[in-house]
Protein chains: 2
Amino acid sequence: MHMNKTILLNSRPVGKPKPEDFKIVSAESEKQLSEGEMLLKTMYVSVDPYLRGRMTDADSYIPSFELNHPIESAIVAEVLGSENKNFSEGDIVTGLLDWKKEQISDGKDLMRVDPDQAPLSAYLGVLGMTGLTAYLGLMNIGKPKKDETLVVSGAAGAVGSIVGQIGKILGLHVVGIAGSDEKNEMLKQDFGFDETINYKTTQDITKAIADACPKGVDVYFDNVGGSVSDAVMFNINNFARIVNCGAISLYNATEMPHSISVQPFLIQKRALMQGFIVMDYASQFPEAIGQLSQWLKEKKLNYTETVVEGFDNIPQAFIDLFDGKNKGKMVVKV
Amino acid sequence: MHMNKTILLNSRPVGKPKPEDFKIVSAESEKQLSEGEMLLKTMYVSVDPYLRGRMTDADSYIPSFELNHPIESAIVAEVLGSENKNFSEGDIVTGLLDWKKEQISDGKDLMRVDPDQAPLSAYLGVLGMTGLTAYLGLMNIGKPKKDETLVVSGAAGAVGSIVGQIGKILGLHVVGIAGSDEKNEMLKQDFGFDETINYKTTQDITKAIADACPKGVDVYFDNVGGSVSDAVMFNINNFARIVNCGAISLYNATEMPHSISVQPFLIQKRALMQGFIVMDYASQFPEAIGQLSQWLKEKKLNYTETVVEGFDNIPQAFIDLFDGKNKGKMVVKV
């Protein structure tokens, strides 16, 4: 009889999450399937900055994780056995699932994926929530137009690297802000960004943005918030659109973070800031997946992953997101 | 031969404008009209917070005033003599004009107004830029829906008092934030606001907003920025719309003002903030004026003015805006 493993939320993180905030427990594997159920074996686990929000006990758009309960995220899993008429043994599925090596599911909200269409981990990245977030956030709020200038913060992250490439496909001048020269080299070489800024080594980020954006900033796809976003505000054009997709620089703050007051900038430039959560745009998922798949097939869209091996390393992979240790999508191969 | 008077920008204000930032000069009256010109006598002068921005030497949506040149704002004037075929002696006109007792104009961008339709000063207020700003900002960005909750800051000001009334006409729960009990009494008695908050005497504005808005805040019409707006952010609902119309609490700041970081709030609530400048919506002016005139005729819309007498008092009336000495629209009767 082999043992199953589950990762529980052990304590609510204060500031940056620590390994002790998680607990790995073993239990007997579950094998008894009732009518409609299936047994899933986890193959790839997505770790994402937004999960940090679910670890706090605050009212949010998605329920908080409960203490001593399993954490869930997007997962790709294989069907080991099925009493569900919609899925068969050997199918590969994706959806929000528990951080368990094996689990029983009723199949609700799970989607079958095609391993011949793209590598399996891509369904957690460019063809999953990550790609959808990049595409739908940019199109719905950023409303990019050819020859405009797009700035992307967290540009070497999972979402940012896709946003920048879509900007290039659509004919924009694309500037990426990331935290290392190595990442910035990747943005230019692999993803076609026109200009990059290393926010950790640049003295005057406001000026660096001005230099990289001679015609000003029309669309700002913001994954980070904080001082980088402050610097962008000084460079926005009239009628600029700011997509507030993430604020990773602020998620671990233990006191209410402060920034420059955006109101005078927004008024003077008649600019827009809008929060984006991909789940609100579910009706556009099929169209978006279709477009992303096509670009992927046409080799117009490239992607990179940071793949960590081993179920027990899921918590550390998640923690490493906050030190920017990932390039592109961070996934754990179980 | 009588003398004319002009008010010039004497120095660019640092912090709150001072009387010495303005200079009143006398010169011989202008009487020689060329073909197409007319001589105007100033009757009412509008003083508005946004003029503060034009007094600084910064790139903006509207050119800065030049030092030692006349200041301009919305004015109602009488035509004393006309060589312009579109206007006759005795006509009353309104538009952006210089702070002069008398001036020559070519009539460009001036509009004839009807003194029988409304008191003349109303064309600087409820039927002028003020009313247009309230109506078009609320409708285009606030997108108010019946039974939603609308919070208005600077509620006793010219724009705010109209915004709140439009909110009531449209069936919203309307909460006003202003700086004195007397103003708040007026908001309830004269303008039908449901609840009011005195931001100067309230200890915990965040809690006061929560109490006044049991269903949260759907639309925030912001005239002030700063700590009042910070407090509103804690109370916004999912999909809230924030109209950034003014930031009077920040206009006189001598250092870059800071506020709570709005990004995490906007993301969590998928909320929108957008800067509003009425000139961008000129194509909607006729429809808006029509609607405002009708509500005025039907006595659904009330307005109040603070009328200061005397040309020489224009600078002080403007300065007094920043101490909230006005109730409703501040105008100077010449």
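Trainee: Let's start with A:Gly157. Is that residue buried or exposed?
Mentor: Buried, going by this predicted model. A:Gly157 has a relative accessible area of 16%, and the cut-off for buried is under 20%.

Trainee: Where does A:Gly157 sit in chain A?
Mentor: In the loop between β8 (149–153) and α3 (158–169) of chain A.

Trainee: And what does A:Gly157 touch, if I skip residues up to four places away in sequence?
Mentor: A:Asn326 and A:Gly328. There is also a C-alpha to C-alpha distance to mention: A:Gly157 and A:Thr304 are 9.2 Å apart in space, with their positions 147 residues apart in sequence.

Trainee: OK, over to A:Thr133. Which element is that one in?
Mentor: A:Thr133 belongs to helix α2 of chain A, residues 129–142. It is buried, at 12% relative accessible area.

Trainee: Which residues is A:Thr133 in contact with, leaving aside neighbours within four places?
Mentor: The list is A:Leu138, A:Val159, A:Phe221, A:Cys245, A:Phe276 and A:Val278.

Trainee: How about helix α2 in chain B, how many of its residues are buried?
Mentor: 11 of 14, so the helix is mostly covered. Among the buried ones are B:Thr133, B:Tyr135, B:Leu136 and B:Ile141. The glycines B:Gly131, B:Gly137 and B:Gly142 are buried as well.

Trainee: What happens just after α2(B)?
Mentor: B:Lys143 comes there, with a positive phi of about 40°.

Trainee: Why would anyone flag a positive phi?
Mentor: Because most residues other than glycine have a negative phi.

Trainee: Which residues of chain A have a positive phi without being glycine?
Mentor: Two to look at are A:Asp109, with phi near 65°, and A:Arg270, at about 50°.

Trainee: Where are A:Asp109 and A:Arg270 along the chain?
Mentor: Both are in loops. A:Asp109 is between β6 (102–105) and β7 (111–112) of chain A. A:Arg270 is between α7 (263–269) and β14 (272–275) of chain A.

Trainee: Are they buried or exposed?
Mentor: A:Asp109 is exposed, with a relative accessible area of 66%. A:Arg270, on the other hand, counts as buried, at 12% relative accessibility.

Trainee: Let's do strands. What can you tell me about β3 of chain B?
Mentor: β3(B) covers residues 38–46, and 7 of its 9 residues are buried, so the strand is largely enclosed by the rest of the structure.

Trainee: Which strand does β3(B) pair with over 7 bridges?
Mentor: That would be β4 of chain B, residues 72–82, in the antiparallel sense. As an example, B:Met38 stands opposite B:Ser82 in β4(B).

Trainee: How many bridges join β3(B) to β6 of chain B?
Mentor: 4, and the two run antiparallel. β6(B) is residues 102–105, and B:Gln103 there is the bridge partner of B:Leu40.

Trainee: And what about β16 of chain B?
Mentor: β16(B), residues 329–333, pairs with β3(B) over 3 bridges, again in the antiparallel sense. B:Val45 has B:Val332 as its bridge partner there.

Trainee: Staying in chain B, where is B:Lys299?
Mentor: In the loop between α8 (285–297) and β15 (305–309) of chain B. B:Lys299 is exposed, with a relative accessible area of 74%.

Trainee: How far is B:Lys299 from B:Gly15?
Mentor: Their C-alpha atoms are separated by 40 Å, and along the chain they are 284 residues apart.

Trainee: Time to zoom out. How many helices and strands does chain A have?
Mentor: 9 helices and 16 strands.

Trainee: How does the radius of gyration of chain A fit a compact globule?
Mentor: It agrees: with 334 residues, such a globule would be near 20 Å, and chain A has 20 Å. The C-alpha trace spans about 65 × 45 × 35 Å along its principal axes.

Trainee: What share of chain A counts as buried?
Mentor: 55% of the 334 residues. As for contacts with a separation of 6 or more, residues 24 or more positions apart account for 67% of them.

Trainee: And what about the exposed area and the charges of chain A?
Mentor: Chain A exposes about 14100 Å², with carbon and sulfur atoms supplying 48% of that. There are 33 positive and 43 negative charges, and their mean positions are 4 Å apart.

Notes. Residues are numbered from 1 along each chain as its sequence is written. Chains are lettered from A and ligands numbered from 1 in the order in which they are written. This is a predicted model: local features need pLDDT of at least 70, side-chain atom pairs count only at pLDDT 80 or more; totals for chains, interfaces and linings use all residues. Side-chain values use heavy atoms; hydrogens and water are left out. Buried means under 20% relative accessible area, exposed over 50%, partly exposed in between (1.4 Å probe, protein chains only). The radius of gyration is taken over C-alpha atoms; the globule rule is 2.2 Å times the number of residues to the power 0.38. Contact means heavy atoms within 4.5 Å. Accessible areas come from the Shrake-Rupley method with a 1.4 Å probe; for residues, only the protein chains shown count as cover. Lys and Arg count as positive and Asp and Glu as negative; His and the chain ends are not counted. The place of a charge is taken as NZ of Lys, CZ of Arg, CG of Asp or CD of Glu. Two strands pair if DSSP finds at least two bridges between them.
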